[in-house]
Amino acid sequence: MGRKKVAIVTGGSSGMGLAIAKRLSQMDMDVIVFDIQAPPEGFQYYQVDIRKDDQILNALSQIPQVDILINNAGIYFEKYLEDTSNDELDQMVDVNIKGTYRMTRNALPKIMEAKGNIVIIASCLGLVPELTSPLYCTTKAGLIMLTKCLAQQYADVGVRVNCVLPGPIDTPLLQRSFPDKESEKLCAARIPMKRIGRPEDIAHMVAFLVSDEASYITGGAFPVDGGVSSTSMYSKGRISSEY
Ligand SMILES: NC(=O)c1ccc[n+]([C@@H]2O[C@H](COP(=O)([O-])OP(=O)(O)OC[C@H]3O[C@@H](n4cnc5c(N)ncnc54)[C@H](O)[C@@H]3O)[C@@H](O)[C@H]2O)c1
């Protein structure tokens, strides 16, 4: 019997992160949630703000072995360039880019020791622009490049790095972005498959990428988005008179 794998899921207390934490637990891994809020059910949990090196390092110092890191924590809001305040600019970059960077940098020595792997949850909006959220799209495009750089750098020491590009997925984050039921319907109508995704749709892809079945896959960016990133019709904003 081999030893149990240990997986850290950032943002594992809600939405996609929670679905990923549940799915990896079913694969007989020890799952540890890093989040600013507690998970609703019995996962091992450290209260960690991924913007804070000291909190990340303190939690990691209590975890002897890390095989898998799922960089899932992220924030989203819609603001045109000219309406974005400096505080909002800092907030988005601090969580989505710098938080993911810090988390990965601090966990990497343990992941290298375990010859483990990393999955970054970026977004289909790292590939296709959403005109109402240029800053979010930019942070997610940055994470796709981070994935490629790290995958190249660590390939020959046996660490794989991939990213998943979710489309609209039914989570508290997405629900908060709908001002009313009608906007949710319009969102679904703009998706080629005509439905909003489920958190489990993402968890299944993550489960595959962290498994030994994906042992030859690194540096990839995998859309799970009902076809959004292959259409030119998704983007909303000023060029669309309809929505
Ligand atoms: N829901 C979607 O439609 C969608 C689409 C594409 C990509 N994503 C990405 O998927 C990821 C998960 O999103 P979700 O929809 O499940 O969101 P969510 O808001 O439901 O959950 C995000 C979790 O991250 C945690 N978190 C936020 N800031 C944090 C911080 N500084 N440190 C630690 N934890 C923090 C929150 O407490 C929360 O538990 C995000 O990176 C998001 O950008 C979401």
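What follows is a chat about a predicted model, covering its strands, one helix, the ligand shell and an arginine.

Biologist: What should I know about numbering and cut-offs before I start?

Modeller: Residues are counted from 1 along each chain, as its sequence is written. As the model is predicted, local features need pLDDT of at least 70 and side-chain atom pairs count only at pLDDT 80 or more, while totals for chains, interfaces and linings use all residues.

Biologist: Is strand 1 largely enclosed or open, and how many of its residues are buried?

Modeller: Strands here are DSSP runs of E with at least two residues, helices are runs of H or I with at least four, and both are numbered from the N terminus. Buried means 20 or more other C-beta atoms within 10 Å of a residue's own, exposed means 12 or fewer, and partly exposed is in between, with C-beta atoms placed from the backbone. Val-6, Ile-8 and Thr-10 are buried on one side, and Ala-7 and Val-9 are buried on the other. Strand 1 (residues 6–10) is largely enclosed by the rest of the structure, because the buried count is 5 of the 5 residues.

Biologist: Which residue in strand 2 is the bridge partner of Val-9?

Modeller: Two strands pair if DSSP finds at least two bridges between them. Strand 1 pairs with strand 2 (residues 30–35) in the parallel sense, over 5 bridges. The partner of Val-9 there is Val-33.

Biologist: And which residue of strand 4 stands opposite Val-9?

Modeller: Strand 4 (residues 68–71) also runs parallel to strand 1, and 3 bridges link the pair. Opposite Val-9 you'll find Ile-70.

Biologist: Where does Ile-70 lead next: what is its bridge partner in strand 5?

Modeller: Strand 4 and strand 5 run parallel and are joined by 4 bridges. Strand 5 (residues 117–121) is mostly covered, with 5 of its 5 residues buried. Asn-117, Val-119 and Ile-121 point one way, and Ile-118 and Ile-120 the other. The partner of Ile-70 is Val-119.

Biologist: Which hand does the crossover from strand 5 to strand 6 have, right or left?

Modeller: Strand 5 pairs with strand 6 (residues 160–166) in the parallel sense over 5 bridges, and Asn-117 stands opposite Arg-160. The chain gets across through helix 4 (residues 134–154). Right-handed means that, with the strands pointing away from the viewer, the path from the first strand over the helix to the second runs clockwise. This β-α-β crossover is right-handed.

Biologist: How many residues of helix 1 are buried?

Modeller: Helix 1 reaches 17 Å from first C-alpha to last, close to the 16 Å expected at 1.5 Å a residue; the expected span is 1.5 Å times one less than the number of residues. Its buried residues include Met-16, Leu-18 and Arg-23. The helix is largely enclosed because the buried residues number 9 of the 12.

Biologist: Around the ligand, which residues come nearest?

Modeller: Near means a C-beta atom, placed from the backbone, within 6 Å of the molecule or strand. Helix 1, helix 3 (86–114) and helix 5 each supply at least two residues of the shell. Of the 30 residues around the ligand, the nearest are Gly-11, Gly-15, Gly-74, Thr-171 and Leu-173.

Biologist: Is Arg-176 buried or exposed?

Modeller: Arg-176 sits in helix 5 (residues 172–177). Its C-alpha is 9.5 Å from that of Tyr-76, though the two are 100 residues apart in sequence. With 10 C-beta neighbours inside 10 Å, Arg-176 counts as exposed.
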